Amino acid sequence: QVQLVESGGGLVQAGDSLKLSCAASGRTFSIYMMAWFRQAPGKEREFVAAIRWSISNTQYSDSVKGRFTISRDRVKNTVYLQMNSLKPEDTAVYYCAARDTLDTARYAYWGQGTQVTVSS
């Protein structure tokens, strides 16, 4: 099992920056990939960004490319999401998720989420 705890959410104004953190514990040696998803009120959860744990390859959704940066610290077992030039449409609950090397096809582990609110 891998446990994930997000932090860093808050209320900011449009154009501001915010950095989210997700600390992993438990079977961290088995992490294959970590990602950020978000869910706005009344909308489905959507993919934001992902990073391969071992080789640090990254992926981004088109809506955040160029504004958000995902990174990871393997010593601290933590993944980050640096969010710049925030827009009101970025308002959502942000979730951290992880894929296990034993099952790389799905995100088996999820955090509890952290609220990000961007005012106009």
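Q: Which residue in β3 does Glu-6 stand opposite?
A: Keep in mind that this is a predicted model. In it, β1 and strand β3 (residues 18–26) run alongside each other in the antiparallel sense, paired over six bridges. Across from Glu-6, the residue in β3 is Cys-22.

Q: In what order do the four strands of the open sheet come?
A: The pairing in this sheet is antiparallel. Its edge strands are β1 (2–7) and β7 (68–73), and each of them pairs on one side only. Neighbouring strands are turned by 15° against each other on average, if you ignore direction. Reading across the four strands, the order is β1-β3-β8-β7.

Q: Is Val-12 buried or exposed?
A: Val-12 sits in strand β2 (residues 10–13). Leaving aside neighbours within four places in sequence, it is in contact with several residues, including Leu-18, Leu-86 and Val-118. Its relative accessible area is 11%, and the cut-off for this class is under 20%, so Val-12 counts as buried.

Q: What distance separates the C-alpha atoms of Val-12 and Asp-62?
A: Along the chain, these two residues are 50 residues apart. In space, their C-alpha atoms are separated by 22 Å.

Q: Which side chain does a polar contact of 2.9 Å join to that of Asp-90?
A: You'll find Asp-90 in the loop between β8 (78–83) and β9. It counts as buried, because its relative accessibility is 0%. Not counting residues up to four places away in sequence, Asp-90 touches Arg-38, Arg-67, Phe-68, Ser-85, Val-116 and Val-118. The one whose side chain makes the 2.9 Å polar contact is Arg-38.

Q: How many aromatic pairs are there?
A: Let's start with how a pair is picked: ring centres have to lie within 6.5 Å of each other. By this rule the count is four.

Q: What kind of aromatic pair do Phe-37 and Phe-47 form?
A: The two ring centres are 5.7 Å apart, and the angle between the planes is 75°. This pair links distant parts of the chain, with Phe-37 in strand β4 (residues 31–39) and Phe-47 in strand β5 (residues 46–52), 10 residues apart. Planes over 60 degrees apart get their own label, so the 75° makes this pair edge-to-face.

Q: Phe-47: buried, exposed or partly exposed?
A: Its partner Phe-37 is buried, with a relative accessible area of 12%. For Phe-47, the value is 26%. Buried needs under 20% and exposed needs over 50%, so Phe-47 is partly exposed.

Q: How far apart, centre to centre, are the rings of Phe-37 and Tyr-107?
A: These two form an edge-to-face pair, with 80° between the planes. Phe-37 is in strand β4 and Tyr-107 is in the loop between β9 (92–100) and β10 (109–110), 70 residues apart. Tyr-107 is buried, at a relative accessible area of 14%. Centre to centre, the Phe-37 and Tyr-107 rings are at 5.2 Å.

Q: Which residues do ring pairs link into a cluster?
A: You've already met the pair of Phe-37 with Phe-47 and the pair of Phe-37 with Tyr-107. Trp-110 belongs to the cluster too. Put together, the linked residues are Phe-37, Phe-47, Tyr-107 and Trp-110.

Q: Which residue has its charged end over the ring of Trp-110?
A: Rings can have charges over them as well: Lys-19, for one, lies over the face of Tyr-80, at 4.6 Å from the ring centre. Over Trp-110, the charged end sits 3.9 Å from the centre of the ring, and it belongs to Arg-45.

Notes
Residues are numbered from 1 along each chain as its sequence is written. Side-chain values use heavy atoms; hydrogens and water are left out. Rings of Phe, Tyr and Trp (its six-membered ring) pair if their centres lie within 6.5 Å; planes under 30 degrees apart count as stacked, over 60 as edge-to-face and the rest as tilted. Helices (H or I, at least four residues) and strands (E, at least two) are DSSP runs, numbered from the N terminus. Buried means under 20% relative accessible area, exposed over 50%, partly exposed in between (1.4 Å probe, protein chains only). A charge sits over a ring if NZ of Lys or CZ of Arg is within 6 Å of the ring centre and within 35 degrees of the ring normal. Two strands pair if DSSP finds at least two bridges between them. Axes are lines fitted to C-alpha atoms, for helices over the stretch in contact, and angles run from 0 to 180 degrees between N-to-C directions. Contact means heavy atoms within 4.5 Å. A polar contact is a pair of N or O atoms within 3.5 Å; within protein, one must be able to donate a hydrogen and the other to accept it, and residues adjacent in sequence count only if both atoms are side-chain atoms.
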